[in-house]
Amino acid sequence: MSKKLSINLAIVLAVTLLAAWWVYPPKDTINLGLDLRGGAYILMQVDTASALRYDTGLTLTRLGQAFKERGLEGVTLEDPEVDVILIQGADTSRQGDVREVLKDQASGWNASETGPGAWRLTMPPERRKYVETSAIEATLTTLRNRVDQFGVREPLIAKQGLQGDRILIQLPGIEDIGQLKQAIEKPALLEWKVVTYPPTGVNTESWVPPNSREQLLQEFGGTLPADTDVYPQLITNPDGTPGGELYWPLKRVSTIVGSDLKTAHRINTQWGEPGIGFELTQDAGKRFAVATRDNIGKKMAILLDGKVISAPVIQSQIHDRGEITGSFTVQEAETLALQLRSGALPTNVNIIEERTVGPSLGRDSIQSGVLAAVLGFAAVMLFMLAYYRLAGLNAVVALALNVLLVLGAMAYFGATLTLPGIAGLVLVVGMAVDSNVLIFERIREELRLGKTVRSAVDQGFSRAFTTILDCNITTVVAAVFLGVYGTGPVRGFAVTLVIGLAASMFTAVFVSRQIFELVLGRGRRVESLSI
């Protein structure tokens, strides 16, 4: 055996052992897709109009905070339309300060002065487009963050649709999607708002709002202040039954919002009830300290998605740490903390399709797919042995190694095997044996021309190589496009196909050649070849 052949066979052996190492045991090393492992499939529609409302509300909140920090207390803000903000009551002697606030907090808006101390902000078309596009990307990121905290292995979260406003979520291994839906569907927009008390001299610590809007308006003399809106709170009786609603008059501008949170986690309060502990960013902590200092002895409402969940009395100044209490169960507190950690959804999302694939169906798919692959491989093996005789055994060895290399590469790169991926594996076997057929037929042709066995083998491999390479390159190009623009099963098929084509080039051209070299040997004359 020559030194070159020894080195080549050592390479083949090393590659085979590495592939076997990565792929063993298969159930622990190869990620199975939704159709094989079972799990949840959710298709969501992003409401881009809500992104505009969210951006307008966020801008309004920032403006209110900035005006308050500059001492412009008399300024009122409202958003009568989704893309319009009206500013009134600004001190006419401090128009420079107003312009500075608008420049810092609403630089992307068109601002026009409509009267003494009054301004109108409108969202330009290019900002609308930017907000919608950014909201979809932010929603995608937030959903990924929330799903990641469930510890799902190999989740698929991707955009779909011509407008890119649909999001597909595939979660292998998830059977009960109730908690998951609750965690990913709710916006989780958290806000802290100061209570506006009636002008009748109520006790700020014990005052409770009425259970109807009409009664609330009566307490304010028929009209609420311009900077105040009404927000509901659902009341639950001790026995768990609904207890009606309370209607809170709250400042329109939030003191802090969920994006000001640094972290959030479930805790047990001093009464042993589930709650959420939170920590604010440095800047938000300063604002919160000022707001709580100025409102000691008064209530500050905590809102989730526009509904009051708690309205505790401020007993002392709070800086950057606090607690959210309410009628939470342990699971509700865990879910809310997860939502707050991963960020609020900047848009409303609606589930338009959902289904669950059970593990038994996944096992059936695996059994059917493996059976089809084994039968296909056996049929190819029998054909090669019958048609090419002993040379066909060379092809069978190369095919078996090809399958092992594909599975080993998928295990190493963490690729996901789907049912279409198994179909791609069967297709790879057919394409790999096609390379052997091209080589073997070329060897036969050289033998018919009277060439020696060694010369025929050499010419067969060298002259068939270009054709094999061209065929594989064109197929790889098509598979790459499928992988880039496809999703889910299509991408799984493409990944398997690309890995399989690369493996087939190695096995059909390199490994098969070394087997022929080993059989023919160097220094001895071979008169015939079983092919």
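These exercises, each with a worked solution, deal with a predicted model.

**Exercise 1. Classify the ring pair Phe383 and Tyr387, and place it in the structure.**

Step 1. Start with the total. The structure holds 12 aromatic pairs.

Step 2. Take the geometry of this pair. The ring centres of Phe383 and Tyr387 are 5.5 Å apart, with 10° between the planes. Planes under 30 degrees apart count as stacked. Phe383 and Tyr387 are therefore a stacked pair.

Step 3. Find the element. Both residues lie in helix 11 (residues 359–413). They are 4 residues apart, about one turn of the helix.

Step 4. Check accessibility. Partly exposed covers the range between 20% and 50%. Phe383 has 45% relative accessibility, so Phe383 is partly exposed. Tyr387 has 41%, so Tyr387 is partly exposed too.

**Exercise 2. Work out how the rings of Phe440 and Phe516 meet, and which parts of the chain they tie together.**

Step 1. Read the ring geometry. The centres of Phe440 and Phe516 lie 6.0 Å apart, and the planes stand at 85°. The cut-off for edge-to-face is over 60 degrees, so this pair is edge-to-face.

Step 2. Locate each ring. Phe440 belongs to helix 12 (residues 419–448). Phe516 belongs to helix 14 (residues 489–520). The pair therefore ties together parts that are 76 residues apart in sequence.

Step 3. Check burial. Buried means under 20%. Phe440 has a relative accessible area of 0% and is buried. Phe516, at 5%, is also buried.

Step 4. List the contacts of Phe516. Neighbours within four places in sequence are left aside. Phe516 is then in contact with Ala391, Asn394, Phe440, Ile443, Val457, Phe461 and Leu529.

Step 5. Widen the view. Phe440 and Phe516 belong to one aromatic cluster with Phe383, Tyr387, Tyr388 and Phe461. The stacked pair of Exercise 1 is thus in this cluster.

**Exercise 3. Identify the residues that touch the most other members of the largest nonpolar core, and the elements that supply this core.**

Step 1. Take the members. The largest nonpolar core has 25 residues. Phe440, Ile443, Val457 and Phe516 touch the most other members.

Step 2. Name the suppliers. Helix 11, helix 12, helix 13 (453–485) and helix 14 each give two or more residues.

Step 3. Rank them. Helix 11 gives the largest share, 7 residues.

**Exercise 4. Describe how helix 12 and helix 13 pack.**

Step 1. Give the geometry. The two helices pack at an angle of about 145°. Their axes are 8 Å apart.

Step 2. Give the hand. The crossing of helix 12 and helix 13 is right-handed.

Step 3. Find the residues that make the contact. On helix 12 they include Met431, Leu438, Ile439 and Ile443. On helix 13 they include Val453, Val457, Phe461 and Ile468. Polar names also appear, among them Ser435 of helix 12 and Gln459 of helix 13.

Step 4. Link back to the core. Ile443 and Val457 take part in this helix contact. Both are also named among the core residues that touch the most other members.

**Exercise 5. Decide whether the buried residues of helix 5 share one side or are spread around the axis.**

Step 1. List them. In helix 5 (residues 95–105), Gln95, Val98, Val101 and Leu102 are buried.

Step 2. Use the arc. These residues cover an arc of only 120° around the axis, which puts them on the same side of helix 5.

Step 3. Find their partners. The buried residues of helix 5 pack against helix 4 (48–69), strand 4 (84–88), strand 5 (110–115) and strand 6 (118–122).

**Exercise 6. Find the setting of Asp305 and Arg389, two residues with positive phi.**

Step 1. Take Asp305. Phi of Asp305 is near 55°, a positive value in a residue other than glycine. Asp305 sits in the loop between strand 15 and strand 16 (307–310). At 30% relative accessibility, Asp305 is partly exposed.

Step 2. Take Arg389. Its phi is also near 55°. Arg389 lies in helix 11. With a relative accessible area of 47%, Arg389 is partly exposed.

**Exercise 7. State where Asn295 sits, whether it is buried or exposed, and what it contacts.**

Step 1. Asn295 is in the loop between helix 9 (282–294) and strand 15 (300–304).

Step 2. Its relative accessibility is 8%, so Asn295 counts as buried.

Step 3. Beyond neighbours within four places in sequence, Asn295 is in contact with Val194 and Ile314.

Key:
Residues are numbered from 1 along each chain as its sequence is written. This is a predicted model: local features need pLDDT of at least 70, side-chain atom pairs count only at pLDDT 80 or more; totals for chains, interfaces and linings use all residues. Side-chain values use heavy atoms; hydrogens and water are left out. Buried means under 20% relative accessible area, exposed over 50%, partly exposed in between (1.4 Å probe, protein chains only). Contact means heavy atoms within 4.5 Å. Rings of Phe, Tyr and Trp (its six-membered ring) pair if their centres lie within 6.5 Å; planes under 30 degrees apart count as stacked, over 60 as edge-to-face and the rest as tilted. The arc is that of the directions from the helix axis to the C-beta atoms. A nonpolar core is a set of buried Ala, Val, Leu, Ile, Met, Phe, Trp, Tyr and Cys residues joined through side-chain atoms within 4.5 Å. Axes are lines fitted to C-alpha atoms, for helices over the stretch in contact, and angles run from 0 to 180 degrees between N-to-C directions. A crossing is left-handed if the near helix is turned anticlockwise from the far one by less than a right angle, and right-handed if clockwise.
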